[in-house]
Structures are given as structure tokens and as C-alpha cells.
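Hi everyone, and thanks for coming along. Please have the sequence and the 3D view open while I talk, and stop me whenever something is unclear.

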Amino acid sequence: MNTEQKTFYTILFFGITTTFLTLFIIYYNGKKAFTLISKDSLTAIRTAKKLQIETYFNQIQNQCETFAQDFMIINAMKEFKEAFESLNNGTDNDQLNMQKKTLSNYYDNEFLARLNPHLSIKKNAEQFIPEKSASVLLQNVYIAENPNPIGQKDKLTDAPKAGSYNEVHAKYHPYLRNFLEKFKYYDIFLIDHVSGVILYTVFKEIDFANNLFTTELKKSNLAQLIKQISQAEKTLHATIIDYNFYDPSYAAPAAFIATPIYENDIQIGVLAFQMPSDQINLYMTDDKEWEKAGLGKTGEAYLIGNDFSMRSISRFLIQDRKNYLQQLKNEKTDSLIIKNIETFDTTILLQRVNTKSARKALKGKTGEIETKDYRGLKVLSAFAPLKIKGLNWAILVEKDKSEILSSLYRLMIIIGFWNILILLTLIFTAFLFTRYIFSTKKIKDSKPKH
């Protein structure tokens, strides 16, 4: 190799080395910078949503406590109880058996036909049908014989067959139904905490007029909550119980908040709300405006409970339902779980999130880490526990690493293009330069010396 070639290759070597070193430095520092920016963004979103959810639950607790002290609720509780007891008198056995038969047909053909497909162990009407004649009558009148379809039984206000109960129902139902619609609760209950009878509900599912202590409903989280309140010392504070699958809502996930109703320091019943999952989902999904909220195309914020399952809906079920369900099938998820996600259109209690960040959050830790999410994809995850009395929940805000680094990759392509262009220019210039230098030198060397 002659001197001209050595010079050219030396310049070429330094040019290529400098180019690739520049690209490496840009990539290394760019990766750190883009990750740090995303981490700050996810942390800010996590902090804001944590405060939003905690504030929302605090408002619900205050609302439940205040509503239970309203004179209208106190009077309603007393009047519904008196009306219910009056219906237990005067019904003979033949009439009761006939009413039970009618009710049993409704349970078999309507309720159980919708409930059992969501259960691994099927149930029967006898497990749910109440014993008291008042309960049987009220369920027949307001549910089985109600001309409105399932999901709209609350539209029936006036039902003369219910006797004195109907007068009380017609008096309070419009107000309570309006309250439910205004504050977006799923249902409102007035419950006799001593007998376990649900004296009134807005929505009129099969928990209406039923007994939480003696029927299949005794296994529900609502029954557990009422027993907890009944056995507690006097308190005006509302108590929340976590989600569980609730049979009267056809095994859909349900959570409840309840508080005692007092008159002259004597507890006369319990007011309970069935929590509004839609409202929680609205906050967590920013009304499906993820990109405007700073979560990009793959980011999501969601809640989890102490059983490592979701307490709000997954973005990917909403945004790409078909692929989400297909992924569950590919992972060999239980077919009943997939069916329930599909039917109820929710991932609450149904999507497991046993990830590194979930475990840290449920242990009370706050932080940000790079890990794999419940889909098995690499994400940047910001996590924190929630301060909601009675619930061990956590919030996770995550974004795919591929999206976080996609902007860096685009930047690297642009920088790489210009660096290659500069390198090619350098090669061409080095070639011309060495040719010129060494051709000049040859000319000088070829001249005769005097």
C-alpha cells in the first residue's frame, strides 16, 4: 500500500469512526433523554389521576353519609319497613305457593337464563327465591309482572297490586331514581340491617325485596358489607367493599358503599350505593381521549386490586377489542373469563395484572420502572398505592417502550441519513485531496534539481 492510499484510508477511518461514534453518543443520550421525558410525563399523569380517583371516592363517601342523614331517607326507611311488614299478613299458603310458582318461572326463564352462562357452577331458582310472602309478592309485582324489559324495571313507579307498599314506592321512587341518574350510580338500596331484607332498590334486580342473610345472596359482597356495618359500633361513616361478581347483576363485577341510617341515635337501617364503574372508567380513560391526555397510542392508566386483577377497564379492550380477545385466546385464558369480558365489556376482576410494578404498588411503594405489562410487552410503568379507606388498590400508568423510543428511532434515521451524506462527501473530498496532494508532490519530485 503506497503513501497516497495510506493517507486516504486514514482519513476514511477517522471519518467513519467519528460518524458512528456520533450516532452512538446521540442514541445513548437520546434514549436516556426520551425515557426520562416519558417517565416525567407518566409520573405527572399518575399523580393527577391518583388525586382524581381518591377525591372521587371521598366525594362518594361524603355523599353517602350526607344522604343517609337526610330526613327524606330516614322517613323512607321507616315507611318502607312498615309497608313491607304489613304485606306479610293476610297471604294464605295456596296464594303464596301460586306466587312462588310464577316467580320461579321468571327466575328460570329470565334471570337464570342470563346468569348461569357466566358461572362455572350453575345455580337454581330455589337458591334465590325468598321465603317471606311480602318479598314474593313484591318481586312478582315489580319484577316478574313488570311490563318493562330487564334493565328498565325501574320505569315502573305505580303498582297497585303492591298495596300499601305501592303508596310508599310511588312517593319516594321518582326522587331516588332521579338522584341515581344525576350522580350515575348503578343502584341505590334501603336495607333492614336486622332481618337482611332489601326493602327498596331503584333498579329492581332480583336483590329487590330479597334477603341478604338467608338466600344465596348471603355469599355476596353486599351481604358481607351489611353484616360488617350491623356488627360495628355506632358510626356515621360510610364503608366501601371491594368488587366481586354479583349474581343479581348477572355475575357482573359490583362494588358497594353503605352507611347506617339513624333516627334519634337508633339505627333503623342501611343506605347503600352500587358503585358506578362507568364513572371510574371515564376518569381512567379520559373519556377515551388517551392521546390528548399525553398517553400516546399505547399508553393507559388503570386500577388494580389486592387480588392483582383490574378495577377499571383496559384501553386495549376498548380500542382494539378483536385483537385483545384474540390475544387472550392465544394465551389459553379460561374460556369463561373471555366470554365474561366479551359479554360485560369490562376487564374489572377479569384481567390479571401480576406484574413487577403491580406487586410493588400493592406493597405500598411508589415509583417508575421498565418492566413487562400484563400483555407481556416491555413498558415504562409509573405506579402508586391509592389512599381509599377500606380498599387496597393501586394505580398504574404505562406506555410501550417501542412507542417511547419510536421518536428516537425516527431522529436517528434523519441524523444517520445526513451523517452518511457527510461521510460520502468526506470520502469523495478525501479522494480528491489525496490525489491532488500526491500528484503535486510527484510533479515536484519529477523536476530536475540544480
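I'll talk about helix packing, then a buried helix or two, then salt bridges, and finish with one residue in a strand.

One thing to keep in mind throughout is that this is a predicted model.

Let's begin with packing. Two packed helices are described by the angle between their axes and by the distance between those axes. So let's try that on a pair.

Find helix 2, residues 71–87, and helix 5, residues 164–183. At what angle do helix 2 and helix 5 pack? The angle is about 150°, and the axes are 9 Å apart. Since angles over 145 degrees count as roughly antiparallel, that makes helix 2 roughly antiparallel to helix 5. The crossing of these two helices is left-handed.

Which residues of helix 2 and helix 5 meet? From helix 2 we have, among them, Met-72, Ile-73, Phe-80, Phe-84 and Leu-87. On the helix 5 side, the residues include Tyr-165, Val-168, Tyr-172, Tyr-175 and Leu-176. If you sort the contact of helix 2 with helix 5 by class, you get 12 nonpolar, four polar and two charged residues.

Now please move to helix 3, residues 93–115, and helix 4. Helix 3 and helix 4 pack at about 45°, with 9 Å between their axes. Helix 3 and helix 4 are therefore oblique to each other. Again we have a left-handed crossing, this time where helix 3 passes helix 4. Helix 3 contributes residues including Leu-96, Leu-103, Tyr-106 and Tyr-107, while helix 4 brings Val-136, Leu-137 and Ile-143, among others. By class, the contact of helix 3 with helix 4 has eight nonpolar residues, five polar and one charged.

Let's stay with helix 4 for a moment. How many of the 12 residues of helix 4 are buried? It's 11, and helix 4 is mostly covered. Among the buried ones are Ser-133, Leu-138, Val-141 and Tyr-142. What covers the buried residues of helix 4? The cover includes helix 2, helix 3 and helix 5, so you have met every one of those names already in this talk.

Helix 6, residues 221–231, has buried residues too: Asn-221, Leu-222, Ala-223, Leu-225, Ile-226 and Ile-229. Here the cover includes strands: strand 1, strand 2, strand 3, strand 4 and strand 5.

On to charges. Side chains of opposite charge can pair when their charged atoms come close. In this model, the count comes to 22 salt bridges. I'll show you a few.

My first example is Lys-49 with Asp-286, whose side chains meet at 3.0 Å, N to O. Lys-49 lies in helix 1, residues 3–68, and Asp-286 is in the loop between helix 7 and strand 6, so this pair ties together parts that are 237 residues apart in sequence. Is Lys-49 buried or exposed? At 4% relative accessibility, Lys-49 counts as buried. Asp-286, at 26%, counts as partly exposed.

Next come Lys-161 and Glu-145, which form a salt bridge at 3.3 Å, N to O. Both lie in the loop between helix 4 and helix 5, so this pair ties together parts that are 16 residues apart in sequence. Lys-161 is exposed, at 62% relative accessibility, and Glu-145 is partly exposed, at 39%.

Then there is Arg-177 with Glu-181, where the closest N and O atoms are 3.5 Å apart. These two sit four residues apart in helix 5, which means about one helical turn separates them. Arg-177 is partly exposed at 22% relative accessibility, and Glu-181 is partly exposed at 45%.

Salt bridges can also be joined up: Lys-123, Glu-216, Lys-219 and Asp-247 are linked in a network.

Last stop: Lys-372, which you'll find in strand 7, residues 367–372. Which residues is Lys-372 in contact with, leaving aside neighbours within four places in sequence? They are Thr-355, Leu-377, Lys-378 and Val-379. The C-alpha atoms of Lys-372 and Asp-400 are 9.1 Å apart, with their positions 28 residues apart along the chain.

That's my tour, and I'm happy to take questions.

Methods:
Residues numbered from 1 in each chain as written. Predicted model: local features only at pLDDT ≥ 70, side-chain atom pairs only at ≥ 80, totals over all residues. Heavy atoms only, no water. Axes fitted to C-alpha atoms, helices over the stretch in contact; angles between N-to-C directions. Parallel < 35°, antiparallel > 145°, perpendicular 65-115°, else oblique. Left-handed = near helix turned anticlockwise from the far one by under 90°. Contact = heavy atoms within 4.5 Å. Nonpolar A, V, L, I, M, F, W, Y, C, P; charged D, E, K, R; others polar. Salt bridge = Lys/Arg side-chain N within 4 Å of Asp/Glu carboxyl O. Buried < 20%, exposed > 50% of the residue type's maximum accessible area, 1.4 Å probe, protein only.
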